[in-house]
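Q: Please take a close look at one helix pair across the chain interface, and then place that pair in its surroundings.

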Amino acid sequence: MFVDKKITETHHAQSPADTAIGHVANTDHGHHIFDVEFLSYLSTKISSFFGISENSMFFINLGITKHVFVLLFISTLMVLSIIGLIRNYISHKNNIPNKLMSVVEMFVVYLKDDVLENFIGKNYREWASLIYTIFFFVLFANISGLIPFFDLLGLFGKLGNNELLSNLSHGGATITANANVTFAIATITFVAFIGAGIKKYGFIQHWKNLAPSGLAWPLYFVVVPIEFMGLFIRPLALTLRLAGNMMGGHIALVIFITFIFSMADSFGAWAGFGIAPFSIALAVGLTMLELLVAVIQAYVFALLTAVFIGMAINVDH
Amino acid sequence: MNPLLTVDLGLYVWTLVIFMTVLFVLKKYAWNPLLDFIEEREKDIANSLSMAESAKSDLEKIKDESQKILDQAKKEGKVIVNDSKQKAEDAANNILEKAKVKSDEFIVDAKSKIEIEKQRAIKEIKEEVVDLSIDLASKILQRNVNDDDNDKFIKSSLEAMNIDEAKS
């Protein structure tokens, strides 16, 4: 909360909406946390290879923005913690899992029994790793976005005039609220479910599977375009569902908090204090809801990936 | 443009690369070992359950069998007891019968012996009586009766004695 105050003080003239958006969005393109020479060199090289100019919207900027930093941070944390937990659990075979491992195992067994075996079928092992990785990746990203440690670090950075730490407070910490990140994961889902079909039925038969057999031939002129569009709408829906859910919750959260400061701005400090309990109560409630949404959205992403792969593999003839 | 919907291909590429790396690392070191472990555990549980089930039915069978054996033993015991009772009774009856037969034999034997002794005694007594009566008669007559007289006398006296004997 202190951080929000700090930020609204520095962006005094901004409207609550701008504050909220600034709080969720990634830092600007040029705003890197670390300046790595090699990465800027790589960015220009790759971009020019594809013929994209530096001022274009599609310029591939590989610099470490805040979201890239959070992405690296969360992936490292996730890989280390999950491998640590699982290795520890498996190495003493008769031991009872510890608390964290119980949670991981609960998700793993639930996804295996209710999603993988249900939608993909007997040979689920081939796709299990993808579904699990998607679930835990999204879950870690969603939940870490709810813990304001970057804001806290940024506060220390501002108080101590540390440029690196205060850079960390800029922009949102929830990478799954960024459509670029969710679109990347959805791309992997897209490649996975097309790859699954091609792998099982061969390239031509897979595309034939798109249209259900046994229809009257004029209907194919309707069904085939719809199915084909559906193919591309699926990853887009995945992208926007996850990003929208995470973004919306965080914007609402920030806006509830900014009530305090806009009241203080308009009616004086005491008005701000007066509304603070309501704002904070709302924010706490919303955070609880967000916690739920974080798990549900991770589950939905994993579930839908499994469903799409299952649809490509188990075709009704 | 709205900063929430900025196209950021750099971030997109980063996410792809990081996600694929995470996927391969976790697949190798976490998910596959864990799934192997879970599947093995599930197999173990299923095995133990079926084993428990078969053990239960085995126990049931054994229980039935032991009950059967017990019943059989009871039946056999009863038969044996009845048999031995019968045998004992038979033996007892046998012994009794034998004893009876023997005692009867003894009695018959004794009776016949007694009869023989009696006959002998009577015969002796008769001879004695004859001698005595001859003595007596010769003394009385003071002479020797001839054989004819003798025989007559003896006969008459014997007849008299016989009558006496039958009366007594």
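A: The pair is α9(A) and α1(B), where N180(A), V181(A), F183(A), A184(A), I185(A), T187(A) and I188(A) meet L11(B), Y12(B), T15(B), L16(B) and F19(B). Two residues are in contact if their C-beta atoms, placed from the backbone, lie within 7 Å. Helices (H or I, at least four residues) and strands (E, at least two) are DSSP runs numbered from the N terminus.

The model is predicted: local features need pLDDT of at least 70 and side-chain atom pairs count only at pLDDT 80 or more, while totals for chains, interfaces and linings use all residues. Residues are numbered from 1 along each chain as its sequence is written, and chains are lettered from A and ligands numbered from 1 in the order in which they are written.

The axes of α9(A) and α1(B) come within 8 Å and cross at roughly 50 degrees. Axes here are lines fitted to C-alpha atoms, for helices over the stretch in contact, and angles run from 0 to 180 degrees between N-to-C directions. The two helices are therefore oblique to each other; angles under 35 degrees count as roughly parallel, over 145 as roughly antiparallel, 65 to 115 as roughly perpendicular and the rest as oblique. The crossing of α9(A) past α1(B) is right-handed (the near helix is turned clockwise from the far one by less than a right angle; anticlockwise would be left-handed).

Over the whole interface, 42 residues of chain A are in contact with 29 residues of chain B. On the chain A side, α2, α4, α5, α6 and α9 each give two or more residues, and α4(A) gives the most, with 11 residues.

Both helices of the pair also feed the largest nonpolar core, which has 89 residues. Such a core is a set of buried Ala, Val, Leu, Ile, Met, Phe, Trp, Tyr and Cys residues joined through C-beta atoms within 7 Å; buried means 20 or more other C-beta atoms within 10 Å of a residue's own, exposed 12 or fewer, and partly exposed in between. Among the elements that give two or more residues to this core are α9 (179–201) of chain A and α1 (9–141) of chain B. The largest share, 13 residues, comes from α6(A). I131(A) and F135(A) have the most contacts inside the core. Beyond its neighbours within four places in sequence, I131(A) is in contact with L111(A), V115(A), L116(A), A302(A), T305(A) and A306(A).
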